[in-house]
Each structure stands twice: as structure tokens, then as C-alpha cells.
Amino acid sequence: MDKIKIEHVNLFYGDFQALKDIDLTIADHEVTAFIGPSGCGKSTLLKTINRMNDLVEQCRWEGSILVDERDINKEDVNTLRKHVGMVFQKPNLFPMSIYDNIAYGPRTHGIKNKKVLDQIVERSLRQAAIWDEVKGNLKKSALALSGGQQQRLCIARALAIEPDILLMDEPTSALDPISTAKVEELILSLKEDYTIVVVTHNMQQAMRIADRTAFFMHGEVVEFADTQQIFHEPKDQRTKGYVTGQFG
């Protein structure tokens, strides 16, 4: 089932065109990876899906992005972001307790009942595979956690508002190998319940976690296919050059 449909998307920062006629269909309950050299448009497209580029001065885009057949430009932005969660490259926790970081989103959406919030916090932390590590310290500052724990807490915070889609922009680039492995395991477990789109520079990571992979270059999608095909039988010479390390 198609979860996200991106059709003829062009995006500009002033006079500079960052995305060029992007067409992608992202399936439900799969992990889709965006790969490619720095500055090729991967993160720009990711941020456009939940309208984060609305906040960027002189940024404009044209084309169509549908989430569950609904035009994102016709959705209230807060409603859209409730369905489309985002996890950033570096953990961006609030300077408050572990509990309050997770409860923050549900509270902004009107949930005030303490018992309900307790259930949401526990469920989200369990989903993010960090409950056993923090359950005795929920009142402790979230900023006291390790980098890997902070990133999983950010994932738990995104899950707390019960999105359908999880966008992840280089979620492990600031983490050590052990923490990276934990986040990758988490991503694979979450796709049973969520549609996940991951931007990554790590090609081995894309091979480990992604069902399908899109290769970007100079603002274009050069190739989009099953991940194994992208890495082992690419159809475009530019893709082949990138994945074999001939350029990039």
C-alpha cells in the first residue's frame, strides 16, 4: 500500500533549485533510505514531507505530496506533524525530565490525565527499546543520558504522539557503533507499525535496514529500487559509481 506519493516536486531556495522534478512512491510498513552525496537534496525532501521547509526564508516548492491520499498543503500543519514525526541528526531533547520530554507532545495535543500520560510514556519508551534503562529515573534530566540513549529518547518522543510515519535525518551519524546498532535494530522493529524514511550517508546502513533505496544527485532522484538492486545491480552508471566508491 502506498503511504506517501511525491509527484513532480521542484523546490527552490531563492534562485537556487535544490530539488528537480522528484517522483517517488513510498510504501507503508517499509523502511525507505535516501542516499547520495552531501548537498544532493536528501534532507531537503525529507523536511518537505512534513513541511519543515515552511519555516525557511525564500524557500518555495511546487508539485504534489500526498500522505494517505491527502495533500499536505491542505492539511493543518500541526495535524500533519502529528501523523508525520521527525527525528533529527543530533538529539534535540528539551532541558527537562525524561518523563516530561515524552509527555510534552501528548500534552500539547490536549492530553492532561496523569494516568493516560503515564501509559503513553511507558509505551513510547518500550517501543524505543529504552524503558528498562530509564524506568527508575523518569524524573531525571534527559540531558544526563548518553548520546545513544538521548537519540532513542528522541525516537520515543516522536512515537508518543502516535504518528503513522517516522522521518529520520541521519539518526545515527553522531553515535558510536554500539549505539548505532541499537538504533538500527529499533528501526527494523518499528517498521511493523510505522512507515519509516531514513536519510543516511552510510551505505552499509542502508543495506542493513532499508527495503527500498533512492539515490539522489544534484537535486534529482537518479535511481529508486529495491535496496539489493541499488547496491548490487544498479541500472544507472552514476549510481554504480557512487555505491562502488568511484566518486561521491
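How many residues has helix α4, and how far does it reach from its first C-alpha to its last? Helix α4 (residues 114-127) has 14 residues and reaches 20 Å, close to the 20 Å expected at 1.5 Å a residue. That expected span is 1.5 Å times one less than the number of residues. Helices (H or I, at least four residues) and strands (E, at least two) are DSSP runs, numbered from the N terminus.

This is a predicted model: local features need pLDDT of at least 70, side-chain atom pairs count only at pLDDT 80 or more, and totals for chains, interfaces and linings use all residues. Residues are numbered from 1 along each chain as its sequence is written, and side-chain values use heavy atoms, with hydrogens and water left out.

**Helix α4**

Buried here means under 20% relative accessible area, exposed over 50%, and partly exposed in between (1.4 Å probe, protein chains only). Leu-117, Ile-120, Val-121, Ser-124 and Leu-125 are the buried residues of α4. Seen down the helix axis, they fall within an arc of 120°, so they line one face of α4. The arc is taken from the directions running from the helix axis to the C-beta atoms. Their cover includes α3 (98-108), α5 (131-134) and α6 (147-159); contact means heavy atoms within 4.5 Å.

Asn-113 caps the N-terminal end of α4. A side-chain oxygen of Asn-113 lies 2.9 Å from the backbone nitrogen of Lys-115. Such a polar contact is a pair of N or O atoms within 3.5 Å; within protein, one must be able to donate a hydrogen and the other to accept it, and residues adjacent in sequence count only if both atoms are side-chain atoms. Just after α4, Ala-129 takes a positive phi of about 55°.

**The sheet**

Six strands form an open sheet in the order β6-β7-β8-β3-β9-β10, with mixed pairing. Two strands pair if DSSP finds at least two bridges between them. β6 (84-87) and β10 (220-226) stand at the edges with a single partner strand each, so one side of each lacks a neighbour in the sheet. The twist averages 15° from one strand to the next.

| Strand pair | Sense | Bridges | One bridge pair |
|---|---|---|---|
| β6 and β7 | parallel | 4 bridges | Val-84 and Ile-165 |
| β3 and β9 | parallel | 4 bridges | Ala-33 and Thr-213 |
| β9 and β10 | antiparallel | 6 bridges | Phe-215 and Glu-223 |

In β9, 5 of its 6 residues are buried. β9 and β10 form a hairpin with 2 residues between them, and His-218 in the turn has a positive phi of about 50°.

**Two loop residues**

Thr-200 is found in the loop between β8 and α8 (203-209). Thr-200 counts as buried because its relative accessibility is 2%. Its side chain reaches the backbone nitrogen of Asn-202 at 2.9 Å. Beyond neighbours within four places in sequence, Thr-200 is in contact with Phe-34, Ile-35, Lys-42, Glu-170, Gln-205 and Ala-206.

Phe-88 sits in the loop between β6 and α3. At 26% relative accessibility, Phe-88 counts as partly exposed. Leaving aside neighbours within four places in sequence, Phe-88 touches Met-52, Gln-151, Asp-169 and Pro-171. Phe-88 and Lys-115 are 27 residues apart along the chain, and their C-alpha atoms are separated by 29 Å.

Methods: Axes are lines fitted to C-alpha atoms, for helices over the stretch in contact, and angles run from 0 to 180 degrees between N-to-C directions.
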